[in-house]
Amino acid sequence: MATVITPLIKGSGLKRRGGLFGECLAEFLGTFILISFGAGVVAMAVAGLPGSGRTEGPTTFFLGAGDWLLIAWGWAFAVCFGVYVAGGVSGAHINPAVTLAFAVRRKFSWAKVVPYWFAQLVGAFAGAALVYGVYFDAIKAFEAASKDPKVNGHTLSTFSIFSTFPAPYFHGGIWGPLVDQIVGTAFLLMFIAALIDLRNTAVKANLGPLLTGFVVAAIGISYGANAGYAINPARDFGPRLLTYLAGWNELALPGSSAGAFSAYWWIPIVGPLVGAVVGILIYDLFIGDVLLARAERAKAAEPGRAGHVIEEDPDSPRQPRTDDEE
């Protein structure tokens, strides 16, 4: 229920929040929520549940495909609530790839792109810092019990709480993970474009965040194992910076693990930025332009040519047709 709320900030400070500064605050908070709950669910799966005695052992996780659903739906909820919180102010891009695609094809101001990116990156870093602080003891317990190779006392498994890396079957190759990120983010932008397109079967505004979360779940379930489905440069790089500062060293930056992958850090940045532009261009080419052409044809139709309505079988589910549809 809407009520009149006394502002916490008054005067010129309040006025500043009505413009770009306020939008950046919303992007910061939305991305903070995204990482707090997204990385939070991975921390729960990797360190929290095993360390609390809720799995077969202190380092036992991901015993079956069903465990992946915990991650996929956790990230879906993270996106959903991040968008619900920030959407009314900034549109809740909470993803530099979305911001870039909207600047390319949705008339989003290019002057706002870099400020949005900065706010998203800082929000992602802060969200990762929160997760690290909350799960610090669980992470330490997991690493103490783990027999996996360690870098400065940290394991690749605990690094996966925060950022992404490619599956072993890529053998350290670049193109497989890069294509994976391009494809995943292209689908993300295609689906977002469809959800907000009022000429298409757009959802009501209050359902948009929920279905955007479903989009992320669908991508994670279908394409997540290849490279962790970052599909968001800030989502990967902000937590990567945090882990580097917290001691994961080369696992974080440049993103290298002996015999597995090398200098991986740039792929979850470049791949999503390219994929976002590809995805929104594909949507506009195959769907957006068609819908626009139909709308323009409807506007251009002369009143005299509208034709009389031809009645159809009353039991038919189809809508009545005009002469022009014959």
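These are my notebook entries on aromatic pairs, nonpolar cores, single residues and salt bridges in this structure. I am working from a predicted model.

**Entry 1: aromatic pairs**

I searched the whole structure for aromatic pairs and got 15. I looked at Phe162 and Trp248 to begin with. Their rings meet edge-to-face, with 5.8 Å between centres and 65° between planes. I then checked where the two residues sit. Phe162 is in the loop between helix H7 (156–159) and helix H8 (175–196). Trp248 belongs to helix H10 (residues 233–248). The pair links distant parts of the chain, 86 residues apart. Both Phe162 and Trp248 are buried.

Next I took Phe187 and Phe191. This pair is stacked, at 5.8 Å centre to centre and 25° between the planes. What separates them along helix H8? They are four residues apart, so about one helical turn lies between them. I looked up their accessibility too. Phe187 has a relative accessible area of 27%, so I noted it as partly exposed. Phe191 is also partly exposed, at 35%.

I asked which residues cluster with Phe162 and Trp248. Tyr132 and Phe136 join them in one aromatic cluster.

One charged residue caught my eye beside a ring. Arg16 lies over the face of Phe21, 4.4 Å from the ring centre.

**Entry 2: Thr158**

I moved on to Thr158, which is in helix H7. Is Thr158 buried or exposed? Its relative accessibility is 0%, so Thr158 counts as buried. A polar atom of its side chain lies 2.9 Å from the backbone oxygen of Thr155. I then set aside neighbours within four places in sequence and listed the contacts of Thr158. They are Ile139, Phe142, Glu143 and Trp248. Trp248 thus turns up here as well as in the aromatic cluster.

**Entry 3: nonpolar cores**

How many residues does the largest nonpolar core have? I found 61. The residues with the most contacts inside this core include Trp75, Ile139, Ile161 and Phe162. Leu188, Leu189 and Trp248 are also on that list. Helix H2 (residues 20–51) gives the largest share of the core, eleven residues. As background, nonpolar side chains tend to be buried together in soluble globular proteins.

I followed Trp75 further, again without neighbours within four places in sequence. Its contacts include Leu34, Ile35, Gly38, Ala39, Val41 and Val42. Trp75 also touches Val216, Tyr229 and Arg235.

Another core lies apart from the largest one and has five residues. Among them are Leu178, Phe261, Tyr264 and Ile267.

**Entry 4: Met44**

I looked up Met44 in helix H2. Its relative accessible area is 34%, so Met44 is partly exposed. Not counting residues up to four places away in sequence, Met44 touches Leu49, Pro50 and Tyr135. I also checked Met44 against Ile161. The two are 117 residues apart along the chain, and their C-alpha atoms are separated by 8.8 Å.

**Entry 5: salt bridges**

I counted salt bridges and got four. Lys112 pairs with Glu23, with the closest N and O atoms 3.1 Å apart. Lys112 is in the loop between helix H4 (96–105) and helix H5 (113–134), and Glu23 is in helix H2. That pair links distant parts of the chain, 89 residues apart. Are the two partners buried or partly exposed? Lys112 is partly exposed, at 25%. Glu23 counts as buried, at 14%, because the cut-off for buried is under 20%.

Then I turned to Arg105 and Asp284. Their closest N and O atoms are 2.8 Å apart, and the pair forms a salt bridge. Arg105 lies in helix H4 and Asp284 in helix H11 (residues 267–300), so the bridge ties together parts 179 residues apart in sequence. Arg105 is partly exposed, with a relative accessibility of 37%. Asp284 is buried, at 6%. I also saw a network of salt bridges here, linking Arg105, Arg106 and Asp284.

I finished with Asp236 and Arg240. Their side chains meet in a salt bridge of 2.9 Å, N to O. Both residues lie in helix H10, four residues apart, about one turn of the helix. Asp236 and Arg240 are both buried.

Terms used:
Residues numbered from 1 in each chain as written. Predicted model: local features only at pLDDT ≥ 70, side-chain atom pairs only at ≥ 80, totals over all residues. Heavy atoms only, no water. Phe/Tyr/Trp six-rings, centres within 6.5 Å; stacked < 30°, edge-to-face > 60°. Helix = DSSP H or I, 4+ residues; strand = E, 2+ residues; numbered from the N terminus. Buried < 20%, exposed > 50% of the residue type's maximum accessible area, 1.4 Å probe, protein only. Lys NZ or Arg CZ within 6 Å of the ring centre and 35° of its normal. Polar contact = N/O pair within 3.5 Å; in protein donor to acceptor, adjacent residues only side chain to side chain. Contact = heavy atoms within 4.5 Å. Core = buried A, V, L, I, M, F, W, Y, C linked by side-chain atoms within 4.5 Å.
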